Amino acid sequence: MVLFNVSRIETTPFDGQKPGTSGLRKKVKVFVQSHYLHNFVQSTFNALTAEKVRGATLVVSGDGRYFSKEAIQIITKMSAANGVRRVWIGQNGLLSTPAVSAVIRERVGADGSRATGAFILTASHNPGGPHEDFGIKYNMENGGPAPEGITDKIYEYTTTIKEYLIAEDLPEVDITTTGVTNFTGPEGPFDVEVFDSASDYVKLMNYDALHGVAGAYAKRIFVDELGAQESSLLNCTPKEDFGGGHPDPNLTYAKELVACMGLGKSEPQDEPPEFGAAADGDADRNMILGKRFFVTPSDSVAIIAANAVEAIPYFSAGLKGVARSMPTSAALDVVAKHLNLKFFEVPTGWKFFGNLMDAGLCSICGEESFGTGAAKELMAYLVKLQSSLSEVNQIVKGVRSDVSNVVHADEFEYKDPVDGSISSHQGIRYLFEDGSRLIFRLSGTGSEGATIRLYIEQYEKDPSKIGRLSNEALAPLVEVALELSKMQEFTGRSAPTVIT
């Protein structure tokens, strides 16, 4: 039994450690500064109630990006020093974000222990490597992201922190081999268990991995469990820099899969498969492809909801309700109305879905997250403009007379029906008379700079027009969106960084 001591290390606050919708994301060069990660982890412990720290079981893992191995050792030593009873780590430090949630909710230790939370090391779909992005977020005992009440407390503590606790003499744990390592500190025993990354997740899930953490599950699920050929797996070796690629599953970055499915610029040599899928760095975003066609996340969540009761045994007893993020297509709204289901429109961020699910209000939910580069000044302009519908419609008709009138415009605000919390400034909405929508939202997932996400949606009832190319069908609304927002004037860009 290895003994360890607890040290109190003096520190000073760092600016800008406010968690966004998906935790704290910065460049690696920021995280590797002395005390930077330590300050955030200690502030998280300080923000949690005592029973969620002292004597608790925590999960620590992530998508395997650069600096993850070092971060896991730091968090483990700080957990020991703060009175945590045990830490569970996925083998090689790899656990997708959904897998972490599954471990928190489902896994039971040999001694009957259950996890009360997790530090997840990921910057999701952002690039990885020494000069790219790193991130950390905390998930609660329900498996979902920490609510705003907790993230606000974390940030408050980061602005006043003076010291952190760490067991500096705790030996580094071998995270490549499964097993339990036992230690003893001033408050008693402390254990670290390294477990099979895929075992708990495979129980709940029966693919281009973009060299992200999904690769750790791909062979087990698709080859071993479902009998697919190993040749059907692309980029399924997790790498710290994601193979130099951008681990965002969309038509721009998953080029190899897109070409294979017959959606590239040239026809593939072989007949495309019937089904293709890609996952992002931490495997909580996906892209679904069919032979020569692309299924948007907005459509997929609506399709799942429409067919869930008949096609998915888990939902055979019926759906409690459905939810989507505000920017996500209103296709789900149509399904909810047709099936007479409870419907919720929430801000972007899975913590809002988690609240609804835990309260028994929602069975199926989803969000769509793609975007384009821009600046905060553009959003300030739109906030002012949306207050005058007459001015908005004058601009619209000046661009395209064939586009219907805007009947509602606002800056989206959400009051959580479960905990009563209010989330303001969640994006600008323009709702048209024919059901079309334009959404402008600042992204909270980047590590630096500002990103504006533009969502363009048109509802089409005529079956003969559904097969049109999206760029043709949406062209009038695209013109209106660019003129309405003065996109080029504010950003200098006449085209987006990514189109999906």
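This is a short tour of aromatic rings, and of the charged side chain that meets two of them, in a predicted model.

**Aromatic pairs**

A search of the whole structure finds 11 aromatic pairs. Begin by selecting Phe14 and Tyr36. Their ring centres are 5.0 Å apart and the planes meet at 70°, so this pair is edge-to-face; an angle over 60 degrees is what that label needs. Now colour by secondary structure. Phe14 sits in the loop between β2 (7–10) and β3 (24–27), while Tyr36 belongs to helix α2 (residues 36–47). The two are 22 residues apart, so the pair links distant parts of the chain. Turn on the surface: Tyr36 is buried, with a relative accessible area of 1%.

**Along helix α2**

Stay on helix α2 and select Phe45, then add Phe119 in strand β6 (residues 117–121). These rings also form an edge-to-face pair, with 5.5 Å from centre to centre and 80° between the planes. In sequence they are 74 residues apart, so the pair ties together separate parts of the chain. Are Phe45 and Phe119 buried or exposed? Both are buried.

**The cluster**

Return to Phe14 and Tyr36. Add Phe31, Phe67 and Phe134 to the selection. Ring pairs link these five residues, Phe14, Phe31, Tyr36, Phe67 and Phe134, into a cluster.

**A charge over rings**

Last stop: Arg107. Show Trp88 with it. Arg107 lies over the face of Trp88, 4.6 Å from the ring centre. Now add Phe195. The charged end of Arg107 also sits over this ring, at 4.2 Å from its centre.

Methods. Residues are numbered from 1 along each chain as its sequence is written. Side-chain values use heavy atoms; hydrogens and water are left out. Rings of Phe, Tyr and Trp (its six-membered ring) pair if their centres lie within 6.5 Å; planes under 30 degrees apart count as stacked, over 60 as edge-to-face and the rest as tilted. Helices (H or I, at least four residues) and strands (E, at least two) are DSSP runs, numbered from the N terminus. Buried means under 20% relative accessible area, exposed over 50%, partly exposed in between (1.4 Å probe, protein chains only). A charge sits over a ring if NZ of Lys or CZ of Arg is within 6 Å of the ring centre and within 35 degrees of the ring normal.
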